[in-house]
Amino acid sequence: MGDVDAIVLDGFLDEETVPGDLHGSTARFRLTVSPTDERTDEMILPCSVADPQMAHQVLHELTPGDQLRVTGYLRLPRTPHEPMWLVVTEMTLLQAAPTTGAFTAMLERYGPYVCYIDADTDQVPVWTQDGAWVGVADTPADLGQLLESFEQSHGAGGEQP
């Protein structure tokens, strides 16, 4: 495979990274990719890293929510029981995940939206990724309705008409 076959994707680290072997010389992680910022276009792509130095970086320096740019080769399944994954050859940290300080609260991304979820309350404040105020969902279950009404009044992705 030449460099022509490589693909470049931007996404967010979905969850904690895991070693791919007993020695930590390889690593695996899942990247949430949303090329259009539409929730229906989001996908979670399993990724693997075989370079020991890059594996060390993945295992010890990345945290869930980090925005990454990865370059690699897509491995398609050859049988129905094999997974699809991206073999990562290059990786760049575009933006570190926001820190919340306490484990009872967290920031969650939904496409172009950022939500503040706090275990002490049911209410969920929401902003666009650019910092524009969207509103407050009374419960996490009401979040979809809030985002839908915001998009209807502001256009897809929260843009002003």
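In what order do the elements of the chain run from the N terminus on? The answer is β-β-β-β-α-β-β-β-β-β-β-α, which comes to 2 helices and 10 strands. Helices here are DSSP runs of H or I with at least four residues, strands are runs of E with at least two, and both are numbered from the N terminus. The model is a predicted one, so to speak: local features need pLDDT of at least 70, side-chain atom pairs count only at pLDDT 80 or more, and totals for chains, interfaces and linings use all residues. Residues are numbered from 1 along each chain as its sequence is written, and side-chain values use heavy atoms, with hydrogens and water left out.

Now for the overall picture. The C-alpha trace of the chain spans about 45 × 35 × 30 Å along its principal axes. Of the 161 residues, 32% count as buried, where buried means under 20% relative accessible area, exposed over 50%, and partly exposed in between (1.4 Å probe, protein chains only). Taking contact as heavy atoms within 4.5 Å, residues 24 or more positions apart account for 42% of the contacts in the chain with a separation of 6 or more.

Next comes the core. A nonpolar core is a set of buried Ala, Val, Leu, Ile, Met, Phe, Trp, Tyr and Cys residues joined through side-chain atoms within 4.5 Å. The largest one has 18 residues, and Phe-29, Val-70, Val-88 and Met-91 have the most contacts inside it. At least two residues of this core come from each of β1, β3 (27–33), β4 (43–49), α1 (52–61), β5 (67–75) and β6 (85–95). The largest share, 4 residues, is supplied by β3. Another core lies apart from it, with 10 residues, among them Cys-115, Val-124, Val-126 and Val-134. In soluble globular proteins, nonpolar side chains tend to be buried together.

Val-70 gives a feel for the contacts around one core residue. Neighbours within four places in sequence aside, Val-70 touches Ile-7, Val-8, Leu-9, Phe-29, Leu-31, Leu-86, Val-88, Glu-90 and Met-91. Phe-29 turns up again around Thr-17, a residue in the loop between β1 (7–13) and β2 (18–19). With the same kind of neighbours left out, that is, those within four places in sequence, Thr-17 is in contact with Arg-28, Phe-29, Val-58 and Leu-59. Is Thr-17 buried or exposed? Thr-17 counts as buried because its relative accessible area is 12%. A polar atom of the Thr-17 side chain also lies 3.1 Å from the backbone oxygen of Val-58.

Further along the chain sits an open sheet of 4 strands, in the order β7-β8-β9-β10, with antiparallel pairing. Two strands pair if DSSP finds at least two bridges between them. At the edges are β7 (105–110) and β10 (133–137), each pairing on one side only. Neighbouring strands of the sheet are turned by 20 degrees against each other on average, direction ignored. Axes are lines fitted to C-alpha atoms, for helices over the stretch in contact, and angles run from 0 to 180 degrees between N-to-C directions.

Going strand by strand, 6 bridges join β7 to β8, with Arg-109 having Val-114 in β8 as its bridge partner. These two strands form a hairpin with 2 residues between them, and Gly-111 in the turn has a positive phi of about 60 degrees. From β8 to β9 there are 3 bridges, and here Cys-115 stands opposite Val-126 in β9. That pair of strands is also a hairpin, with 5 residues in between. Lastly, β9 (residues 124–128) and β10 pair over 4 bridges, with Pro-125 opposite Val-136 in β10.

Helix α2 (residues 143–154) lies across β7, β8 (113–118), β9 and β10, running at about 150 degrees to β10. His-154 is in this helix, and it is buried because its relative accessible area is 19%. His-154 and His-56 are 98 residues apart in sequence and 43 Å apart in space, C-alpha to C-alpha.

A word on the cysteines rounds this off. Cys-47 is buried because its relative accessible area is 3%, and Cys-115 counts as buried because its relative accessibility is 0%. A search of the whole structure for disulfides (pairs of cysteine sulfur atoms within 2.5 Å) finds 0.

How values were computed
A polar contact is a pair of N or O atoms within 3.5 Å; within protein, one must be able to donate a hydrogen and the other to accept it, and residues adjacent in sequence count only if both atoms are side-chain atoms.
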